[in-house]
Structures are given as structure tokens and as C-alpha cells.
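Work through the exercises below with the sequence and the model open. Each task is followed by a stepwise solution.

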Amino acid sequence: MSIENIKEFSYHIGWRNRGRHPGRHASTQRGMGMEFIGHTSLISYPDPRRIDLRQTIRDPMEQVYVRLFNQKSATPVFVICDLSGSMNFGGQVNGKHERKIRKAADIAESIARSATRNSDPFGFVGFDEIVREDWISTASFKSQRAIELAERLKEYHPEPVSGSGIADVWRYLPRERSLVFLISDFHMPLKELESSLANLLRHHIVPVVLWDADEYKNLPEFGITAVTDPETGAKRTLFLRKEYRDKIIASFEARREAIYKLFMQFDMPPFYVEGDFDADALTEYFHQFVAA
Amino acid sequence: MSFSHPWVLWLLPLALLPLVFQRAHSKSYSWLDMLPADPLSDLIGLILKILAVLILTFIIMGLSAPHSNQQLVERIGVGAQITLVLDRSASMDDPFSGTSDGIVGESKSAAASRLITQFVQSRKNDMLGMITFSNSAMYVLPLTENKEAAVAAVRATAGNALFQTNIGSGLTSAAGLFDKVPDSGSRAVVLLSDGAGRIDANTQQKIKDWYDRMHLSLYWIVLKQPGGLSIFNENYVPQEDQPLPPEIELHDFFKTFKTPFNAYEAENPKTLQLAIDDINRKEKKPIKYLEKIPGKDFSNLCFMIAAILIALLLGVKYLEVKTWKN
């Protein structure tokens, strides 16, 4: 996917932010918006442009009133991307070899482009075993840096380390409530995930679950193979057969169920990406789960 | 069980390499915890490793050429341990004179060899050894059960003869053959000579001691010239100041043996046959003897097993997943 044809999606948030920077999202910030919220005296809000003559005349105390409006503000959008070993897994998508990390980079680019379109600042935080300072792009209204970083990410081969850095990611996010896309395959212990999510509750999290059909559905029908865990290096021999394949698929379905339950506990409906990333599906996601 | 090249066994630790090194073409999977435990897969993984270890073990074992040791089995038969002591002095090439059985001019050695060959072939469970002597003893054949070797040895004596007669050396060498062989209870030395030689006193004493200690009975067949001096002639009186002829002196010496002694005189092949038949009759006691069973070579077996295991491994390789590329 070249930079020219990055697909965008539209998103909105269901809460008011407090950002000063004008943007497109409902905000609690007073300012030059269209959203009328009440009157106050000219003394307390000395903006003569907003004098409400009708209200001023009606007041027997002969005070001068101004109208108050909320401006629309920008909301920081972050991508937190898993760079652990398991993200190096990649099956065949439409005949070409696509690793998960590449898909994550595509999604990050799409989010960056969409954030810029919505005049929101975009930031990127990558983590594997620790939060990777070299894979951080601070929130910025200019998305070029983030897109350049995502381009580099496409060719990145994750090191064979775990994704336990997710526990510290919250330190790298602003205090201000932000929209955070958490891109990972979530191949990590549920306990670890739960405690990490608890630290991220300040933000609006959209978990993007990257799974690959080759991990379970598209397993070979029959045969013997040896597999290596990219994070621990553990090796196992698998004798694939129908019975065992069914077991693996069942295990993944159970896992999907478990992750879904966990995310729903935190009120973060997960967005599944399996195969190609479809930006429109993400738009649909916001329409479905986020109240306008 | 022993090994022809035991030093190759030092390579055996190499067989553990498959346990140390993992399979190189392992595929990367995202998270092994997602794969439910499968005892069958684990078992197959284990078996594959064991197969690899076994293959290397068997190849190394095969290279070290294991074989079982030769075995000695005790058998009981009727026969004796007989050492033939044959005279190869030049006079043995002379023919018997005045033959009566039709074979004209058969030399003494040829007749002896012919008759002894029959003798050897008629005895089933004997152990036979052979010494020939002329100037000194010649070691021909140790005591063995191998009939073919004995017959071949006897035939070889029919050739051209050598110089003189040194009986003492022949007899001591014959006793030497019995030295390492367990006593079967029936041991004999058959001395076949024409004429005799003198044996010095030391050697006489030695021969006497040895034959006594080893329980060797002695049969002496003298191939006599017709009209020659008989060893059984008790009344022979030598001339003044002359020693007794060697034949008589030797006969007297042999008679002093504590072990059985028999002497025969043969003037022609017929009498020689009679003498040998007599020995044949006398030396028929049940004997215990050890039969050697050669060891077996197991290296080919090792290679076969390794080949079969490799074939198994290749079969597994064939089962290997090729469509799944990650």
C-alpha cells in the first residue's frame, strides 16, 4: 500500500474532551463554536461580539449578557502497536506473504491519515518487552513523521521477545483522554492484559485484534511439522490431523471468547482484523459502538 | 561381544547431537500456548528425536565393527589327540624294496603319506597335529579338529625329502603341541621314521619328563630296510668298543617310558598298514574336545537397522507439511 492510496475511515468519539486546539470533536472548551450552552454576564466573559441583546433587554437588573458556546476541539489519537515476536507471523493473503507487523503498519497509516483529516494530533507508541523509545512518535498535527515511521515499520522484523511492555504503555500517553487504537494479536496472558488495560482506562481504547487465518483455520490438513515460538524460542512437534486441527480451532474460538469477555468488562468492544484490513469496517465499528 | 575398532566408540556422544540441536527447518508460530496440548504430537516429536539418536548410535556402532567372540563348545567323541611326527630325511625317499602289493617302487614317504591320509580320514573326532623333522623339527600343523588341514598337511609330506634324522627335536616339538591343549584323556604321538638317530642324554631326560607329565603315549613305526637290523633283536651284541646301533639304543630308551609305548616295524606298505590299523584300534577312547564356533560380525546388522530407521525418518519427512509457509 503506497502512501497515496492509504484508505481512511471516519471516526467520532462519544465523550467531550477538553482540548484547546480547535478540532472536530465536541468539547467542554468555551470558544468560537456553534454549541450554545448558556448565558453569562459581560463582566465574567468579556467578549462583546457575543452580546445577546434579547437576553440583555429582558433582564430587569439591566445586566449585559453574552452567549456562551463550546468550541469543537481536537482529540489526540494514538496508535499503540505490539512489536513483540509473535507479530512477525504472517500467512498468505491473496497469494502474498504478509506479516502481522506489516498489517499493523497499514492500519497505523490509515489511522494517522484519518486523524490528520479530522485535524486531530496523531501519536505512535510501540512496545515489545519494554516500551520502545525508538518506535515512539509524539502526538503531532503533522502526520508525516508518523507515516514515515509506519513505512519503516513495514520492513521491521520484531525481535524474539514478549509483549510484556504493554504494562508500561500508559506512562507514554497524555493525561488528557485520548482515542487509542491498541493494535496487537493479544497473544499474551490474559492476567497481564487485564492489568495493563486497567491502567489505560483513562483513554478511549479501541482494541484492534490482528489474527491470521493461517494461525488456525488454514492449518494444513495432515502432516507433521515442527513449530517454534518466536517469543520464547520453545519448540514443539505437531502431528496435524483432523482431530487436532479441530482442537486448535476450538482453542482459538475459546480464546476469542475470552478476549471478548475481557474487553467488554472494560467496555472496549474489540475490532477484529483477519485477512485484509478494511477501513470501512472500522468506520462501521464507530457507528455501531460509539454514540455520536 | 567385542569391537574390532573400539576407538570409534568414542564418537558415541555425537549421537546425542539431535537432542542438542533443534530441527533447523522449524516453522515460526505466533504463540505456542494457543496450541492445545497433544500427547500424540509430543510422542511423535520424542520418537523422531530418539530415531535420530538411534540412527547415529547404530552407524557409529556399525563403524566400530562389533562381533561376538568365538565360542568353545565342549563335545564328546571317540578319538584321540594325535600328533604325527614324520621323518623327512633323505632316506625316506627310497622305495620299499621287494614290494608285494603291486605298487612297484613306491617311496617310503609316499606310502606313509597315503596310508596316514586314510588313517586320518577314518578317524572322525580326532585332533591331529603334525611335525616333520629332518635336521630339526618343522612345525606343520597345531592340534586341530580340522580334517582338511590335517589331510593337506599329510599330503604335503609326500614331497621331496631333506637331509638327516633328528628324532629328539621331532619328539620335543611334538610334545610342545600338546602344551596348550586341554588333556582329552587320550593323547598319542605317532613317530614314523626309518632308522633312528642318537639322542643326547639331556634331550632324552627332557623327552622322558615331558611325555610323562603330559601323558603322551608313543607309537613308533620303523620303516625297516629288508634284511636290516630289527629293533626287536634282543640278542644283538655289538662289536667290541662299538656302541649299540641307534635303533636299538632308541628302542631301549623308549621302553623306559612310564607312559605306554608300542613299536612296530614295517618292511613294506602292507606291514605299515597293519601297524597303523593297530594304532587305530588302540587309540579309541571317548574324548572331550572343544569345538570352536567362530564369532559373528554384527556391523552389517547395525547398518541394516540404521538404514531401516533412516527409511522411517524419510517416511516422516514425506509426511511433513509443505503447504504451510510461515
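**Exercise 1: a sheet across two chains**

Strand 10 (residues 223-228) of chain A pairs with strand 2 of chain B in the parallel sense, over two bridges. The model is predicted.

Task: Find which residues stand opposite each other in this pairing, starting from A:Val227 and A:Thr228.

Solution.
- Step 1. Take A:Val227. Its bridge partner in strand 2 of chain B is B:Lys27.
- Step 2. Move to A:Thr228. Opposite A:Thr228, in strand 2 of chain B, stands B:Ser28.

**Exercise 2: order and edges**

Task: Give the strand order of the open sheet of three strands, and say why one side of each edge strand has no neighbour in the sheet.

Solution.
- Step 1. Read off the order: 11(A)-10(A)-2(B). The pairing is mixed.
- Step 2. Locate the edges. They are strand 11 (235-240) of chain A and strand 2 of chain B.
- Step 3. Each edge strand has a single partner strand, so one of its sides is left without a neighbour in the sheet.

**Exercise 3: the side of chain B that touches chain A**

Task: Describe the contact between the chains from the side of chain B.

Solution.
- Step 1. Count. Chain B has 25 residues in contact with 32 residues of chain A.
- Step 2. Assign elements. Strand 2 (27-28), helix 2 (39-63) and helix 9 (299-319) of chain B each give two or more residues to this side. Helix 2 of chain B gives the most, with five residues.
- Step 3. Sort by class. This side of chain B has 13 nonpolar, eight polar and four charged residues.
- Step 4. Place helix 2 of chain B. The helix lies across strand 10 and strand 11 of chain A. Helix 2 of chain B runs at about 115° to strand 11 of chain A.

Conventions
Residues are numbered from 1 along each chain as its sequence is written. Chains are lettered from A and ligands numbered from 1 in the order in which they are written. This is a predicted model: local features need pLDDT of at least 70, side-chain atom pairs count only at pLDDT 80 or more; totals for chains, interfaces and linings use all residues. Two residues are in contact if their C-beta atoms, placed from the backbone, lie within 7 Å. Helices (H or I, at least four residues) and strands (E, at least two) are DSSP runs, numbered from the N terminus. Ala, Val, Leu, Ile, Met, Phe, Trp, Tyr, Cys and Pro count as nonpolar, Asp, Glu, Lys and Arg as charged, and the others, Gly among them, as polar. Two strands pair if DSSP finds at least two bridges between them. Axes are lines fitted to C-alpha atoms, for helices over the stretch in contact, and angles run from 0 to 180 degrees between N-to-C directions.
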